[in-house]
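Please work through the exercises below with the sequence and the model open side by side, and try each task before reading its solution.

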Amino acid sequence: MTPLRRLLARQLLGIQLPLVALLLGLVWWGTRTLLLGQAQRDGEARLRIAVEAMDQRLSEVERAGSFVHSYWIQGRLPFDAPEANASLLMPWLHSQDDFRLLNLLDEQGHSLLLMQGKDGWHGRVIREDSGGRFQLGWQKAGAMGLEPPVTEAYHVLNGYDPRSRPWYREARGLEAPRWSVPYRLGPPENRLVMTWLVPLRRPGKPLEGALGLDLVAEDLQGFLELLRPTQGSRLWLLDQEGQELSVAHGSRAMVTLPPPGSTSALLGGLRHRILRSELPRHPGSQWHMVLAIPEADLLATAQGKLLGFTAAAFVVMLLPILWGLRVGRRLSDDIQDLANAAEEVGAGVAPHRPSNEVLEFQVVGQALQWAHAEIRERHALQEQLQHSQRLETLGTLAGGIAHDVNNHLSAILGQLHMVRETLPDGHPAQQRLLLAESSATSCARTTRTLLAFSRHGDPDLRPMDLHGLVTATADLLASILGGLIRVDTDLAPGPAPIKGDSLQLEQVLMNLAVNARDAMPQGGRLTLRTRRPREGRIELEVEDTGQGIPGEALPRIFEPFFTTKAVGQGTGLGLSMVHGIVQTHGGTIAVDSQVGIGTRFTLNFPLAESGAAEAVPLQAGKGPIEPLLGLRLLVAEDEAFLLDMLESALVAAGAHVSRAASGDQAWGAFQSQAFDLVLSDQRMPGYTGMELFQRIRATGSRVPFILASGQSLEAFQSAFAKDPRAHLLNKPFPLDDLLTLIRGLTAH
């Protein structure tokens, strides 16, 4: 391939170089001076545009203040009706882009603040309750006003007085609207703000309140960025004291600006041309703009235009014209190919690479192909992000449901246990009670699967043999799927030790098998296969010979509620739960499918050290009649039905129980009397269970402490592992396990 610059050089240097050198020598200095002046005038024009745009923006904010003030004068914005005020102002605010915050505040402390954030408008209301205390709350603002507040949206203010804000203190001394002295908000916002202050007072009457419209300095950054004439230039908005109100080039580490009157200065080691302009006066503002343009950028512009003069010199000569025609005929087709390739990129089609031998065309063609690939990758990443967000939302919902169900299951299991304890051996109801406990335990397994899917619960990971689970499940599937579907196993030699939850993994295989059965209505073959792709990993393949999954549906099969089945034949949650369970086991899942041939799911898990046996679960049975005789127990639980059950069971076991329906009640009870053990739920009003534990330990007490929850307790494991007299307990739990744990913790 021949580079384009070499092709041009061979024909240019032979004839034109001496003539062009002479021409450049004559026009260089005159052109340089002319173009530098032109570039500076362009900078001045840009600066004028910036000043006019800033003046217009300030004027728009001032007009907006007059508009709201007129509403107040008409009596349409009473301070004691913030929701009605928001309903009046929100349709108008949705058309405003010049400010992001409107604040109405009166002398009594009532406030309505409407603020525009990344997710829309929000309203903050400060109002007085029936007890004479001030409450603050945030509400989502819709197109027509504030949406109804959520539960506990308002809380009592403790020492906060909005009348102490800088803008309001400044507004109290004003007789007419004006711009405030720029001030910086405190953490976490830490933003520089200029506020258009409008005192609200009627003629001859004292101040009733104030209106503030905030203009955030950082919002001006992108606007000023567009007005820079060159990439290296800088543009500042300064107040009357020279303080920076915006930083257009994205860095707050600024060098010291030269004094007024300077037209050239060294900034950052480079020579800059300095342009200044005062903003039109607005009440309270004496701001001006400073534009600094590197002279190197101006010269670069001059050099580019100088090349244009050089090209004009070539046009004067006949040989360049003939040469241009010749080369143009040679390259026109190739240029058209590049244009077609660019259109293909814009249409989302993979572009064709140019077939000529010019290096530059080859590079441009390759760049177009890379651009197409990058666009596709960006779309894929965006779809993946949206998929993850949908999974997270559904997971949060599933976790909350599982938490509530676990509380009820704990009460059910406890009540069943206590009823069974009161019956003599051999009573006809004993077997029915055992069946009821077994059903409740199975329900608990389902909630544990929901928690694993939602990432709010941890699977019961124990050492197990994956091959044993596959073999047992295959035997079960052979009897369930019927005679039309043959179930085969192809297991790698030797055991496959992993750490897993056998119930959850069995559910994974059952879900995949049911999907395979639906894909093979006329029968077929289901194969469960394991292999070791590399050291430390084991793969489990579930392959069927069914109808396959269409290619357009493959990227979405793990989305919640997505299904290819007919209406009423599938919920779309099976594969979503499979995806969640595999991830909580530290594994990955992939799918390969061809329509008419079949589908293969590949599950990859890390191998565990062999040799450990799975722990045997506790068996239900009758315990001692009074195993906790004389113990003083504090039980903190906000669910009344579960608190009643625990109190009854522990009293029946011989303990003295003090009950608390919230964390702060439990803390008050602990301070007033001594206890041998504290049993606390994690999620309670007042203090959480963890906060109650920390407060008790802060007093120096070493009383045994049990923290129970229907959600994951993984976040507290490190803290409780260091304390031998503290223990974590997952709901639901067998009552015998709780009594055994209490006896163990209080034994010493």
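The exercises that follow concern a predicted model, and they deal with a hairpin and with salt bridges.

**Exercise 1.** Determine in which sense strand 21 and strand 22 pair, and over how many bridges.

*Solution.* Begin by locating strand 21 at residues 588-594 and strand 22 at residues 598-606, which pair in the antiparallel sense over seven bridges. Next, take Ile589 as one position to follow across the pairing, where its bridge partner in strand 22 is Leu603. Finally, look at the connection, since the two strands form a hairpin with three residues between them, and Gly596 in the turn has a positive phi of about 85°.

**Exercise 2.** Find the salt bridge between Asp592 and Arg600, and decide whether each residue is buried or exposed, or falls in between.

*Solution.* The closest N and O atoms of Asp592 and Arg600 are 3.2 Å apart, which lies within the 4 Å cut-off for a salt bridge. Asp592 has a relative accessible area of 38% and is partly exposed, and Arg600, at 26%, also counts as partly exposed.

**Exercise 3.** Explain what the salt bridge between Arg531 and Glu541 ties together.

*Solution.* The two side chains meet with an N to O distance of 3.1 Å. Arg531 lies in strand 19 and Glu541 in strand 20, so the pair ties together parts that are 10 residues apart in sequence. Arg531 is partly exposed at 39% relative accessible area, whereas Glu541, at 6%, counts as buried. As a last step, place both pairs in context: Arg531, Glu541, Asp592 and Arg600 are among the residues linked in a network of salt bridges, which also includes Asp490 and Arg529.

Definitions and conventions:
Residues are numbered from 1 along each chain as its sequence is written. This is a predicted model: local features need pLDDT of at least 70, side-chain atom pairs count only at pLDDT 80 or more; totals for chains, interfaces and linings use all residues. Side-chain values use heavy atoms; hydrogens and water are left out. Two strands pair if DSSP finds at least two bridges between them. Helices (H or I, at least four residues) and strands (E, at least two) are DSSP runs, numbered from the N terminus. Buried means under 20% relative accessible area, exposed over 50%, partly exposed in between (1.4 Å probe, protein chains only).
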